[in-house]
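User: Please give me a close look at one helix and what it packs against. Then follow the surroundings outward, in one connected account.

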Amino acid sequence: MLALIFKNFIRSKGTKVGLLFVFVIGFISLLIGQQFQQKQHKNITEAAVYQKEHIARNASFHKDEMGLLLYYVKFSLVNKTFPLNSLAIGQRDVNPSIQSVTIRGVEAQKYDSELNNPNNLLLGNLDFSFVLIYIFPLLIIAFTYNIVSEEKESGTWKIVASQSDNTFLYILKLFYIRILSLLALLTIILVVAVILLNIPFDSSLLTFYIISILYILFWFAVCFFIVSLQKNSNFNSVILLTVWLFLIIILPATINTYIVNKYPVPEALELTLKQRNAYHEKWDMDKKTTMDKFYSHYPQFKSYILPDTEFSWLWYYAMQQMGDDESAKQSQELQTKLKQRNEASQMIAQFIPTLHTQIQLNEIAKSDFENQLLFIQKTTAFHEKTRLYFYPKIFDNAPVAKENWSKFRVETFEDNSETSLSKSFLPLVFINLAFIALGWMNFKKEKQII
Amino acid sequence: MSLHVENLIAQHFRKSVFKNLATYIITFFIGILLIYAVLSGWKNYINQNETSEKYQHESREDWLKNPDKNPHRMAHYGNFAFRKSTSLSVFEFGMEPFFGNAIFLEAHKQNTANFSEAGFSNSMLRFGEISTAMVLQILLPLLIFFLGFNSVAAERENGTLKLLLSQGISWKQLLLGKILGIASVIMMLFIPAILVLVFIWLLLQNFAVSFDETLKMILFIVFHFLYLLFFCAIAVLISASCKTSKKALVSLIGIWLVFTIILPRTTQAIGAYIYEAPSKIKFNSDIEKDILKQGDSHNPNDSHYKAIKDSLLAVHKVDSVQKLPFNYSGFIMTEGEKISSNIYNKHLKNLLQVYEKQNSFSRAVSFLNPYIAMKNLSMALSNTDYDSYIDFQKQAETYRYNMAQKMNALQIKYISNKKDKPTVIDKDHWAEVQEFHYEPKGVFTVLKNEIISVISLFLWIILLFILIRTASKKLKAI
């Protein structure tokens, strides 16, 4: 029986075209992911080369003054791109994956944006997560909206009903075949992805796969429920498309607009202005005030006494430091606000499977906003470490040539935060079960499906 | 020409639509969404502009408050360019969430536009936003398709089509009548919505609107009107050419998906795939290398600057730069700023060319896809398109360059070469640098830039007339 149902399903021209279309677009998404991966890789290799050249060049120009040299020299930190990232590019196209900072004030540097074509950002990436979240449901709807209703409309349902003792089981089998076909398609695309993108077999990939399966099952559950209402094909298709429209466009967009308006971030501009003034006003202030503040932040540098000259690098970097220190409050407020934003959207997303899947896939791929916030944090720590290393050398005016510059390679930050499995899976599992149960009840209510 | 028959058909269609409860539900729902879209657009606009004005003002005050100091210190103190939205952006957000909102403008350095909405959001933003334009451009066409899929097909299915045609009604009259019918239903939503939009738009500007803004608003309305009519015609044509209403529905849904979801993303992705843009780190490094090739003002042995020094000394017949009648380092910085900003602009031009090429695909596709044509046009009118953003960045860069050179000029004029003389100038000079003011593109520039979209929308309309004509001759009742 199953074999026959399968044959019947796969023989239809629409089925083949649909499966082929999704496979092709899935494959294209992998090529785009591959290009993204290569580009990221190239950037990182180039960054290493540039940094080496850049330091060497500047070190040869400013051999006599450590302070002046470090005014110019930039050190780069890379936010590691995992292979899985190519499947869910997320926010990695908006945010820079490499931050280059001098040891001057960090607040003026850490929010520097990537060079971007806003048109690309607006229309979005055609990555695998897009194919999964947008396109797969369309195929699922196309494959299932007319189960039962089509046969009823063409008059063949009565024949089916009379030949089978359990029509409900027959319907389940119809779904079973379709679910298997789509899961097979998903698996094939992911296998190709693993080969093409060198994705390692690890728990991240497994989680990614399971979420994808749950998401596909979610759409089958929705279709199962709609089919259980036993309306005509036109009604089913309109309703299912409306559900799709809601979950993919209207709800996410509405929630997003809500979050943007609920949590505006004027703190960002406040911070920029504050940090500019805090540093620049020190030029016109008593040097002692600046130095006292600097010494109280870093008591270890108290032994460096301000020389009796109009300008000294000790004073200069103390002033730069004040830009950061005195805008610390604004910086903290901004970080808190951004975290609130992220938490609020994640909270709401739990109830909307499309959003939840998107955010979870990005989280696993380390391309979500949380990763970006962490990267900003790490950039600050990286900056602090570099600054503290060089401060004594600047204050001593250590000879530039003595420093082993080759050890300042591009550093890499690896985001190893674990994804909570229950947080990822449970919302989808619950919603799936709810729709299946509702559909089941509908079918059971009407003992005979005619 | 009397349209009596067409009107009758349209009336009949309207009646049948309003008999359906679903129509009320959907219409009510889209109405609610429109209200939400307008309100959130309004709030966003006010937020954005108040913030931007507040900080523009604050930063200006800070600038003026600076005490007497060396002009070069002021060039580093710098200014900000904050982006302001135009009134139409209440209805069309366009690329706004992806635009940086502030650029720090200082000497020697072209900074990035920072703090975009997208940089502060998680990937939820990528699903899009609810704006009035989005409802008009994406949801209303779908509503039109839902209303119109069985406009002719249903008549064919239940046999009334033959009756109609045998009573002397021509295909052309039937098609036009049905189009009018759908259009009249949609207008019941569109016209009140537009009235509200216009009212809010006037309110936002205290009823004092410029000619330019008015023209943009009128074009915004007219083009959306044509765009919606266009979808009414497609719905009827497809419905008439399909055997069953189910087939018509599936085809229309397919067209809608391809137009609004699949084509826009795919074409842009292809453009970005073929023309790869350089990363920031490469872009900056290339600029650094080129500047060093031209001459490094920091390097005392640099041949470019040594030549300048020698010629200056020769012309003024002095033996050291301290004896020059003007400030030497100010002069060198003027030269340096000129060189570095020329090089930067050259690289930027190349980068923008890559972006243009990436965008050329979706621009070209507007001939195949009226949605893209409409979207591009409405973004351009509301100043939220790619060109506007580049324009903002260019205006900011011009301002930055002039500010830096102004400070250099002050240094050349007022600061002595000798170290024992004071190195500061009076703070009154700070006001000589005007405040940054962003001027959005005028309506004619917009139309010129978006000529492809305008042409393609008109071509689409012509095509539809031709299609209606051929369809009236070729369609069969069975």
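Analyst: **One helix, a sheet and a partner chain**

Helix H2 of chain A lies across strands S1 and S2 of chain A, and H2(A) runs at about 165 degrees to S1(A). Angles run from 0 to 180 degrees between N-to-C directions, and axes are lines fitted to C-alpha atoms, for helices over the stretch in contact. The model is predicted: local features need pLDDT of at least 70 and side-chain atom pairs 80 or more, while totals for chains, interfaces and linings use all residues. Residues are numbered from 1 along each chain as its sequence is written, with chains lettered from A and ligands numbered from 1 in the order written. Helices (H or I, at least four residues) and strands (E, at least two) are DSSP runs, numbered from the N terminus.

A second helix also sits on this sheet. Helix H16 of chain A, residues 369-395, touches S1, S2 and S3 of chain A. The direction of H16(A) makes about 150 degrees with that of S1(A).

Now the sheet itself. It is open, has three strands in the order S2-S1-S3 of chain A, and its pairing is mixed. Strands pair if DSSP finds at least two bridges between them. S2(A) and S3(A), residues 411-413, are the edge strands, and each pairs on one side only. From one strand to the next, the twist averages 25 degrees. S1(A), residues 75-79, pairs with S3(A) in the parallel sense, over three bridges. Leu77(A) has Glu411(A) as its bridge partner in S3(A).

Back to H2(A), which also meets chain B. H2(A) packs with helix H10 of chain B, residues 280-294. Their axes are 9 Å apart, and the angle is about 30 degrees. On the H2(A) side, the residues are Asn43(A), Glu46(A), Ala47(A) and Tyr50(A). Across from them are Ile281(B), Lys282(B) and Ser285(B) of H10(B). This contact has three nonpolar, two polar and two charged residues. (Nonpolar means Ala, Val, Leu, Ile, Met, Phe, Trp, Tyr, Cys and Pro; charged means Asp, Glu, Lys and Arg; the others, Gly among them, are polar.)

That contact leads on to the wider interface. Here 70 residues of chain A are in contact with 71 residues of chain B (C-beta atoms, placed from the backbone, within 7 Å). H2(A), residues 13-61, is among the elements that each supply at least two residues to the chain A side. Others include S2(A), residues 98-101, and helix H14 of chain A, residues 328-349. H10(A) gives the most, with 16 residues. By class, the chain A side has 37 nonpolar, 26 polar and seven charged residues.

Next, a helix pair inside chain B. The axes of H8(B), residues 211-241, and H13(B), residues 370-381, come within 10 Å and cross at roughly 170 degrees. H8(B) and H13(B) are therefore roughly antiparallel (angles over 145 degrees). H8(B) contributes Lys216(B), Leu219(B), Phe220(B), Phe223(B), Tyr227(B) and Phe230(B). H13(B) contributes Pro370(B), Met374(B), Leu377(B), Ser378(B) and Leu381(B). Nine of these contact residues are nonpolar, one is polar and one is charged.

Last, the record for chain B. An unreviewed UniProt entry lists residues 130-262 of chain B as "domain: ABC-2 type transporter transmembrane". In the model that span is 84% helix and 0% strand, and its end C-alpha atoms lie 19 Å apart. The unreviewed entry's "transmembrane region" listings for chain B include residues 130-154 and 250-275. Residues 130-154 of chain B are 76% helix and 0% strand, with end C-alpha atoms 33 Å apart. Residues 250-275 of chain B are 96% helix and 0% strand, with end C-alpha atoms 35 Å apart. UniProt annotations may be inferred rather than shown by experiment.

Technical notes:
Contact = placed C-beta atoms within 7 Å. Parallel < 35°, antiparallel > 145°, perpendicular 65-115°, else oblique.
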